[in-house]
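Q: Please take a close look at one part of this structure and describe it in detail. Then set that part in the context of the whole chain.

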Amino acid sequence: MAKHPFSFLHFLLCCCFFSTLLSPSLSSVEVEALLRFKKQLEDPLRRLDSWKVSDSPCEFFGVSCDPITGLVTKISLDNQSLSGEISPSISELQSLISLVLPSNLLSGYLPAELNECSNLRELNVSANHLIGTILDLSELRNLQILDLSNNSFSGRFPSWVTNLTGLVSLAVGDNHYDEGEIPESIGNLKNLSFIFFASSQLRGEIPESFFEITTMESLDFSNNSISGNFPKSITKLQKLYKIELFANQLTGEIPPELANLTLLQEIDISRNHLYGKLPEGLGQLKNLEVFHIFENNFSGEIPAGFGDMRNLLLFSTYRNNLSGEFPANFGRFSPLKSIDISENQFSGGFPKYLCESGKLQFLLALGNKFSGEFPGSCSKCRDLQRLRINENLLSGEIPSGIWGLPKVEIIDFGNNEFTGRIPPQIGIATSLTKLYLVNNKFSGKIPPELGKLANLGKLYLNGNDFSGKIPSELGVLQQLSSLHLEENSLTGSIPAELGKCGMLVEMNLARNSLNGNIPESFSLLTNLHSLNLSWNTLTGSLNPDNLKNLKLSSLDLSMNQLTGIVSSNLLQMGGDKAFLGNKGLCVEKSLKIQMHSGLKVCRGNNTKEELLLFFIIASVLVVILVGFLVAIYRECKKEQGRVFCDKSLEI
């Protein structure tokens, strides 16, 4: 027994002795191979500066060596901005176990010499720009991890991957293959735990053999044309924690047995043709973090158990036919970040615990039948970026804390029954880019604090009962592109400061009680395409200079008290209907004829052409009269004498 330690030590010493003899020549070969590898690459970050002639490559950046033999076993150059092609010299690294080159700018083809790297266990060239039909790498029998995803490979789907029976992780998705099917022999990969076949132009059904891979933990067949019923056999895969089947053509119902996959953390089966009720057991998946079923035909209620989940982060069911009241405790115990339940038939009170964790960033519940008041607890959503609850039956006042959320970018309360005022706290929401309050019962004055929202691009307050003047502070909003204040009870004149909103594309102030002139500053709104000031009591002359620089595709100034001449430019922009109901407006006669206008002709305002014609006619008449008198005078002198002429002249 005592001899064994010495024998083992003797063996190690022998290995070291022979490696010392061999390593100089082998190392020089590997250094040379790596330098040729480097030569075919562009290295803007200079990560490969350490790759230079030396006795050993083990100090090269991104290179690892065997501690005993000193031979290269791993090259890892992830996300280093490298471009160029992969050199065939890589095949000279006979001890290479791992080649990891993802997230670079590599192009060209995979070199055929890769098949000579017989010890390779990991090959990752994902997220590059590699092209061509993928090289058959079936000879690499030791491969455990193969990632060729997110490139520009084309040709037939690489069915040969099923020969690599040692694979644990397989990712060949997100390429430009010809249309094909998942190979029937996929079940050969008995050790597989991760598969990524997304965006691979695959059609047909998932082979039954796939569901015999009991080691499977994560599957992604998304964004293909996979058809057939939702596979009930998926419930055999008891280790699954992730199911990605979105954007396919699956039909049928979710099998209740899916709830037996208790390790599930992510389910995304969106954008299919699935229908039926959600199995109650789904609410018992306590590890669930992501649940996406949007754009299907599911009906019925959300299982009550979703209200008790502790790990739910993302929940999206929009564009289905789900109905009933939402689980009362939804979000109360989970760190919810995003919920989108839009365009369903949910009814009853709005869920009040969505912001309980304070981590919610997206709250989208538009197009349902929620009623009652919007819960004040949502004021806790300090990280909220999008809040859309439009097109419901909600009423009452919006809690003041909601208006002042510091990170909110979109607020949409449109098409409800909300009342009350916009409080001054709106000035705190400095991240706000879009504010939609369309068709509610909001009242009071439009707060001047809106002028503090430097990022505001769209302001829709139309269809309410706002009163008072339009705040001049809106004129400082340099990002404002849409301003809709129509159908309110606004009074006073239009503030000239609005002419400073240089990004305005559309402005609608119709159906208020605005008076005064159209501001001359409107001539500065060179990006304006649509202007509607109709149904007010605007007065003053329609000065074409106020609007001369505008290139409007839509103009409506009807039903006001404007006066003056409508220019050809304005008439061309809006047509007759844009000026109807203004008794003091008219067009010149020539323009009426030219543009077939139905507007009345201006009286007492002769055109230059008419004046010129009058002058010519008058001049001709004078010449004729003078000529006539001269002729008579001469005739008289010749034939009848002085007396006759005098009498004639008297006549």
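A: Arg271 is partly exposed, with a relative accessible area of 41%; buried denotes under 20%, exposed over 50% and partly exposed the range in between, for a 1.4 Å probe and protein chains only. The model is predicted, so local features require a pLDDT of at least 70 and side-chain atom pairs a pLDDT of 80 or more, whereas totals for chains, interfaces and linings use all residues. Numbering starts from 1 along each chain as its sequence is written, and side-chain values rest on heavy atoms, with hydrogens and water left out.

The side chain of Arg271 meets that of Glu295 in a salt bridge, at 3.2 Å from N to O; the term requires a side-chain nitrogen of Lys or Arg within 4 Å of a carboxyl oxygen of Asp or Glu. Glu295 belongs to the loop between β22 (290–292) and β23 (297–300), and Arg271 to the loop between β20 and β21 (273–277), so their pairing ties together parts that lie 24 residues apart in sequence. Here strands are DSSP runs of E with at least two residues, helices are runs of H or I with at least four, and both are numbered from the N terminus. Glu295, like its partner, counts as partly exposed, at 23% relative accessibility.

A second pair involves strands rather than loops. The side chains of Asp412 and Arg388 form a salt bridge at 3.2 Å, N to O. Asp412 is part of strand β32 (residues 410–412) and Arg388 of strand β30 (residues 386–388), so this contact likewise ties parts that are 24 residues apart in sequence. The carboxylate partner, Asp412, is buried, at 6% relative accessibility, while Arg388 is partly exposed, with a relative accessible area of 29%. Arg271 and Glu295 also belong to a network, since salt bridges with shared partners join Arg271, Glu295, Arg319 and Glu343.

In the whole structure, a search finds 14 salt bridges. One of them brings together the side chains of Glu257 and Lys232, with an N to O distance of 3.6 Å. This pair, too, links distant parts of the chain: Glu257 sits in the loop between β19 (251–252) and β20 (266–268), and Lys232 in the loop between β17 (225–226) and β18 (242–244), 25 residues apart. Glu257 has a relative accessible area of 27% and is therefore partly exposed.

The strand pairings come next. Strand β25 (residues 321–325) and strand β27 (residues 345–349) pair in the parallel sense through 3 bridges, where pairing requires that DSSP find at least two bridges between the strands. Ser323 stands opposite Gln345 of β27. On to strand β29 (residues 369–373), β27 is joined in parallel by 3 bridges, and the partner of Gly348 in β29 is Phe370.

Further along the chain, strand β39 (residues 489–493) runs parallel to strand β41 (residues 513–516), with 3 bridges between them; Gly492 has Leu514 of β41 as its bridge partner. β41 in turn pairs in the parallel sense with strand β43 (residues 537–538) over 2 bridges, and there Gly516 is matched with Leu538.

Elsewhere, 6 strands make up an open sheet with mixed pairing, in the order β1-β4-β6-β8-β10-β12. Its edges are β1 (41–42) and β12 (176–177), each with a single partner strand, so one side of each has no neighbour in the sheet. Within this sheet, β8 (residues 129–133) and β10 (residues 152–155) run parallel and share 3 bridges, with Ile131 opposite Ser152 in β10.

The structure also holds 1 cavity of 30 Å³ or more, a cavity being a set of points on a 1 Å grid over the protein atoms alone where a 1.4 Å probe fits but cannot get out, lined by residues with an atom within 4 Å of a point. The largest cavity has a volume of about 50 Å³, taken as the space filled by probe spheres set on the points. Its lining includes Asn517, Ile518, Thr539, Gly540 and Leu562.

For the chain as a whole, the secondary structure comprises 7 helices and 46 strands, and 48% of its 651 residues count as buried. Of the contacts between residues at least 6 apart in sequence, 45% join residues at least 24 apart, a contact being heavy atoms within 4.5 Å.

Notes:
1 Å grid on protein atoms, 1.4 Å probe; cavity = no way out; pocket = protein on both sides within 12 Å on 5 of 7 lines; lining within 4 Å.
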